[in-house]
Amino acid sequence: MTSQNDTQRQAAPGGFADLENRWFSAWEQAGCFSRSQGRGQQAAHPFTVVIPPPNITGVLHMGHALNDTIQDACVRRARMQGRPARWVLGTDHAGIATQTKVDKKLADEGVSRLAIGREAFIDECWKWRAQYGSTIVSQIKGMGCSCDYDDERFTLDEQYARAVRQVFADWYHDGLIYRGKRIVNWCPHCTTAIADDEAEYVEESGHLWHLRYPLAEPVDGRDYIVVATTRPETMLGDTGVAVSPSDEEKAALVGKSVVLPLVNRTIPIFSDWHVDAGFGTGFVKVTPAHDPNDWAMGERNGLERVNVFDETAHVVGGYGRFSGMSRDEARQAIVEEFDRLGLLDKVEDHQHSVMTCYRCHTKLEPWESEQWFVAVEDLKARAAQVVEDGQIVFHPERWKTVYLDWLANLKDWCISRQLWWGHRIPMYYCDSCGYSDALVDHADVCPTCGEPLRQEEDVLDTWFSSQLWPFATMDWTERGASSPELQRAYPTQVLSTARDIMGLWVARMVMSSLYCTGQIPFQHVIIHPTVMGADGKPMSKSRGNGVDPLRLMEDYGADGMRFGLLMQVTGGQDLRFNEAKLESSRNFANKIRNAARFVGMHLDGFEPGAPEPTTLADQWIMSRLARLVAQLDRLYEGFEFGEATRELYAFFWNEFCDWYIELSKSRLEPDADPADRLACQRNLMFVLDQAIRLLHPIMPFVTEEIYHDLPFDRSAFPLLIEAPWPDAQRLAGFVDSQAERAIELVCEAVSAVRSTRARYGISPREPLAVVVKASQDDCALLERQRSMISSMQNALSLELSPAAQKPAQAAAVLGSGIEVYIGLAGLVDFEAERARLQKERAKFEAEAQKLGRKLSNEGYLAKAAPQIIEKDRGRHADALDRIERIDAQLSEL
């Protein structure tokens, strides 16, 4: 990028940016990114996608690149189909992330947030947003994404903020929002509560300390009990010791008391079914203010709650020399004091999980505080039902179970955050008369007594505001569910997102949309793979395995990056990034250009007209095109983008370029029959036109360039971005299975001879004797193409027979249902041929074993898509068949 807000990519000499900037500007100036008008029958079927709003602190990463490519492919195809399409764009204010960034910026300038105050700090956050907030949007433009840039939304814009206040007030008045003292996950660094599902768990090598607690009175000659804990620093807040009701050995101690060391607090021993009698010593110290399970036990048993830490996780006053210590300092000092007093029984190594803040990665502190919560029971029941009954469909389907499991385990949602940047909770209080209420509009004066009102200091969790994204961006704020945009285009069709926010965001959008609009927010949810490094591990700076999409676009072009990323998508949960795929995609883009250049160079005397498949090659390519369009429609409907790119690649590179263009060359010569030459030109232009339309959603720039370089009829559609998507029904009449089989056989036979020449270094000018063994029907098809095959092979002789025998001193090449023998007497070392077959057999043997192991893996069979499994089974059967045929050839040799 040339600057933070520059929408144009820097053009390197000989790079891709010039072409990409030019066409992006053309689309933008033509108004292609606003909701299209639609045409034909599809005009009645709007297609809307809302972008997962990136944070204003963010820059484009590989997950964005993949997800934005998926969304753009869906939107561009829908637009070409004639559907009124729109991709809603916007960014998220990202409460904690932005506040942390601005805090650091001010600290670097020697300024404190607390010193300048709330209003000045919020001004600084808005300045940050103005300077950096559009960075990622500019980078999304660089990818060629066709978002509605003229109507960009922001989760702190006034219209959006009003929607947030409205929902809060509605839920509060309906009893769905309440305030209470509860254990929350507290970040001592960010000094705010964190929701359960925002916490990240990390494994930690710690210890299990066994501490002696003296009994208030001896029991059966016993003076103390031993508790085992991973957090000795919280013992200052212990108000009980629990044992399991099933632990008969400890039954005599239930109802007795211990004197808490260091504090001299007498606390009871009680029984609770939550205790695991087999863990540690079977005695569990209970600290209700610093552990959610202990909180629950304390509630059941009437224990006092003692909060021993302040908001920065330092010990509060009243604890002698421990007061003012951090958690780690207190831990060390308390353990040392227990040891000094002879109360440290033993210390064991212990591996356990600890919760950390998803933003700053500080260890979270379970901490009692007064917070705002959403009661989710009714909301989550409806959100589960619409997925269970198929109104919302997940892709891949396995994520449906994950979604439902997440909802089933969802507890009341802590929505208050002790921050300044964000949506301030719209609760107002009158300290004079006690009035309190949730208000949509800001108020300064109490409506009851006329005294000043005070607004709640805390802000809402960022996910509270972003859950409204699908409908709050469609004018719900002003008119509610009767908004014309909602009436016309809601629910949206597709949401594509990452798995890690399926609960945080996806489920909450479903809950809030059902409540606020009475409708689901989207019909399909795509959970795209997570892009891993080449080493198979999550990308990160510390690992050094991260990849910058901006660098990839400079090296491979936006088209190359987009196509190469989608080519790597399979049914798997993770995508191990392979940059070589982008290189092949860049080469593919060049192949598209070269094919278009060839067609353009052979258009002398061309007159536009309808395609007319007059030759077998014409009939074959038109049939293959018709099947491709139908297959791509199926793949898009199933959101199988990786398979779609592979189908496109195979058709354009192998069938159109390598074979149809090759078969057309003689027909385009200056001395060729003029009528046949024109028919060939029209067919080439038609197939190329249809192919670039199919490629456009994924490779928009190179296809738009070709659309303008060649004499396509652009009178109705000046830009390819709005040109019609190929119609599978209209093309279905071109399907010709016999022509496809005939050309497949020709390609097999010709390829066999060419590969043999290449393998043994035999000149194309050297005539070779060729024998083809095939079924009676296939031989008949080949016989009709004898002259074509002979000329393309430079065949000295060509024998076609179901009973053909392999001649002496001949190479054998296996095809799909045919065997091709190439006479090599006097030209080839047969020992080398034997070695080649053995090597080829080893390759197929390895593939068969690999696929066999894969297909016997129950985990793979349970998770992989059925069509992928079926494809692997076909590959496995083919490998076994080839091994059998190679064995026969080796036997003959």
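**Exercise 1.** Determine whether Trp420 is buried or exposed, and characterise its aromatic pairing with Phe121.

*Solution.* Step 1. Trp420 has a relative accessible area of 17% and is therefore buried (buried means under 20% relative accessible area, exposed over 50%, partly exposed in between, with a 1.4 Å probe and protein chains only). This is a predicted model, in which local features need pLDDT of at least 70, side-chain atom pairs count only at pLDDT 80 or more, and totals for chains, interfaces and linings use all residues. Residues are numbered from 1 along each chain as its sequence is written, and side-chain values use heavy atoms, with hydrogens and water left out.

Step 2. Rings of Phe, Tyr and Trp (its six-membered ring) pair if their centres lie within 6.5 Å; planes under 30 degrees apart count as stacked, over 60 as edge-to-face and the rest as tilted. The count under this rule is 32 aromatic pairs. Phe121 and Trp420 form an edge-to-face pair, with 5.8 Å centre to centre and 70° between the planes.

Step 3. The two residues lie 299 residues apart: Phe121 belongs to helix H5 (residues 118-132), and Trp420 to the loop between strand E17 (416-417) and strand E18 (427-429). Helices (H or I, at least four residues) and strands (E, at least two) are DSSP runs, numbered from the N terminus. Phe121 is buried, at 0% relative accessible area.

**Exercise 2.** Explain why the pair of Phe588 and Trp653 is stacked, and state which helices it joins.

*Solution.* Step 1. The ring centres of Phe588 and Trp653 are 6.3 Å apart and the planes lie at 20°, so the pair is stacked.

Step 2. Phe588 is in helix H18 (residues 579-601) and Trp653 in helix H20 (residues 641-664), so the pair ties together parts 65 residues apart in sequence. Phe588 is buried, at 0% relative accessibility.

**Exercise 3.** Identify the charged residue that lies over the face of Trp413, and the ring cluster that includes Trp413.

*Solution.* Step 1. A charge sits over a ring if NZ of Lys or CZ of Arg is within 6 Å of the ring centre and within 35 degrees of the ring normal. Arg508 lies over the face of Trp413, at 3.9 Å from the ring centre.

Step 2. Trp413 belongs to a cluster linked by ring pairs, together with Phe168, Trp171, Tyr172, Trp372, Phe464 and Tyr515.

**Exercise 4.** State how many disulfides the whole structure contains, and examine Cys414.

*Solution.* Step 1. A disulfide is a pair of cysteine sulfur atoms within 2.5 Å; the search finds zero disulfides.

Step 2. The closest cysteine sulfur to that of Cys414 is in Cys357, 13 Å away, which is too far for a bond. Cys414 is buried, with a relative accessible area of 6%.
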